[in-house]
Amino acid sequence: MADDNSQGRFEAIAVGLLFMVLAVAMVALGSRDWLPELASRHGAGVDKMLVYLLVTTGAMFLVGHFVLGFFVWRYTRGGGVQNRMASPKMERNWSIALGLLMTLVAEGGVLAIGMPTWTEYFASAPPGDALTVEVTPEQFAWNVRYPGADGVFGETDSSLIELNNPIGVDPEDPRGKDDYTAINQIHVPVGRPVRVRLRSKDVIHSFFLPQFRVKQDAVPGMTIEVWFVPTKTGRYELPCTELCGLGHYRMKGFFNVLTAEDFETWKSETFAAEEVG
């Protein structure tokens, strides 16, 4: 009987270790493509925070299961309960101590790593040379607007919304005469701060640029700003990550990061075409 019990414990421990090794190996292999290509300056801080969380929670998971396995192996030998149960005071003290330790490791580390990034990009004003772009999503498209040469957006009014004026730009406002509008296409220069003014025409949408580590909801009745610095040129997909209606799946735009020279060329050509039109 004793040999059967020993063999059973050995098999249980072997199976547990096998699954644990497989889980660690899968995470290690998957972590190579864990995040998409990084294309913004502040994204390095976000990635560092995510890696920290992955490593610390993974380490606590492993330590917890090794301790659990050891207790199962150590205190079931010979059958029956071999040791005195812990007192309520000991259970309380250990629970509080381990809870505080996990809170310090998880929350303290996130605050230490993430606070500088959060402070720079969410609690500070964008630089003065930032390019401002207004993005107004609707079911199911992204309306994009740039201020013209005066650098000021014209007023909008929801009562003026129609097929040819999707965000209700006031034609009587002279500040909006030179504004340039587009659908599903945003163009910005690399290396220059981009300030995105987010509004919503109908329901809640979510502006998501995974390569730039940017994700922000657009809420009706509110103007929400985010800013960041693109560091790589390219054409990046802009999906909506808020289930916004039956056509949500086809709400897709593109975020185009150009060199400074190409951006100036694009702007002069497209803005001029808008004025001629």
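**Figure 1. An aromatic cluster built from Y146, Y180, F263 and W266.** In this predicted model, the four residues Y146, Y180, F263 and W266 together form one aromatic cluster. The structure as a whole holds ten aromatic pairs, and one of them is made by Y180 and W266, whose rings meet edge-to-face, at 5.9 Å centre to centre and with 80° between the planes. Because Y180 belongs to strand β3 while W266 belongs to helix α4 (residues 260-276), this pair ties together parts that are 86 residues apart in sequence. Both Y180 and W266 are buried.

**Figure 2. The tilted pair of F212 and F228.** The ring centres of F212 and F228 are 5.7 Å apart and their planes stand at 50°, so the pair counts as tilted. This pair links distant parts of the chain, since F212 is found in the loop between β6 and β7, whereas F228 is found in strand β8 (residues 224-228), 16 residues apart. F212 is buried, with a relative accessible area of 0%, and F228 is likewise buried, with a relative accessible area of 0%.

**Figure 3. A charged side chain over the ring of F254.** Here the view turns to a charge and a ring. The charged end of R235 sits over the ring of F254, at 3.7 Å from the centre of that ring.

**Figure 4. The open sheet of five strands.** Following the sheet from one edge to the other, the reader meets the strands in the order β3-β2-β1-β5-β8, and their pairing is mixed. Strands β3 and β8 stand at the edges and have a single partner strand each, which means that one side of each is left without a neighbour in the sheet. From one strand to the next, the twist averages 25°. Strands β2 and β3 run antiparallel and are joined by four bridges; across from N143 stands I183, a residue of β3.

**Figure 5. A cis peptide bond at F140.** The peptide bond that leads from Q139 to F140 is cis, and its omega is near 10°. F140 lies in the loop between β1 (131-138) and β2 (141-146).

**Figure 6. Two loop residues, N184 and R213, with positive phi.** Although N184 is not a glycine, N184 has a positive phi of about 60°, and its place is in the loop between β3 (180-183) and β4 (185-189). R213, which is not a glycine either, has a positive phi of about 55°, and this residue is placed in the loop between β6 (205-209) and β7 (214-218). How do these two residues stand with respect to the surface, buried or partly exposed? N184 has a relative accessibility of 21% and therefore counts as partly exposed, because the cut-off for a buried residue is under 20%. R213 has a relative accessibility of 15% and therefore counts as buried.

**Figure 7. Helix α2 and the residues it buries.** Helix α2 covers residues 43-74, and at 1.5 Å a residue its 32 residues should span 46 Å, which agrees with its end C-alpha atoms, as these are 46 Å apart. Within α2, the residues G43, G45, D47 and T56 are buried, and the buried residues of this helix pack against α3 (88-122). When looking along any such element, it helps to remember that an α-helix has 3.6 residues a turn, so residues three or four places apart point the same way.

Key
Residues are numbered from 1 along each chain as its sequence is written. This is a predicted model: local features need pLDDT of at least 70, side-chain atom pairs count only at pLDDT 80 or more; totals for chains, interfaces and linings use all residues. Side-chain values use heavy atoms; hydrogens and water are left out. Buried means under 20% relative accessible area, exposed over 50%, partly exposed in between (1.4 Å probe, protein chains only). The expected span of a helix is 1.5 Å times one less than its number of residues. Contact means heavy atoms within 4.5 Å. Rings of Phe, Tyr and Trp (its six-membered ring) pair if their centres lie within 6.5 Å; planes under 30 degrees apart count as stacked, over 60 as edge-to-face and the rest as tilted. A charge sits over a ring if NZ of Lys or CZ of Arg is within 6 Å of the ring centre and within 35 degrees of the ring normal. Two strands pair if DSSP finds at least two bridges between them. Axes are lines fitted to C-alpha atoms, for helices over the stretch in contact, and angles run from 0 to 180 degrees between N-to-C directions.
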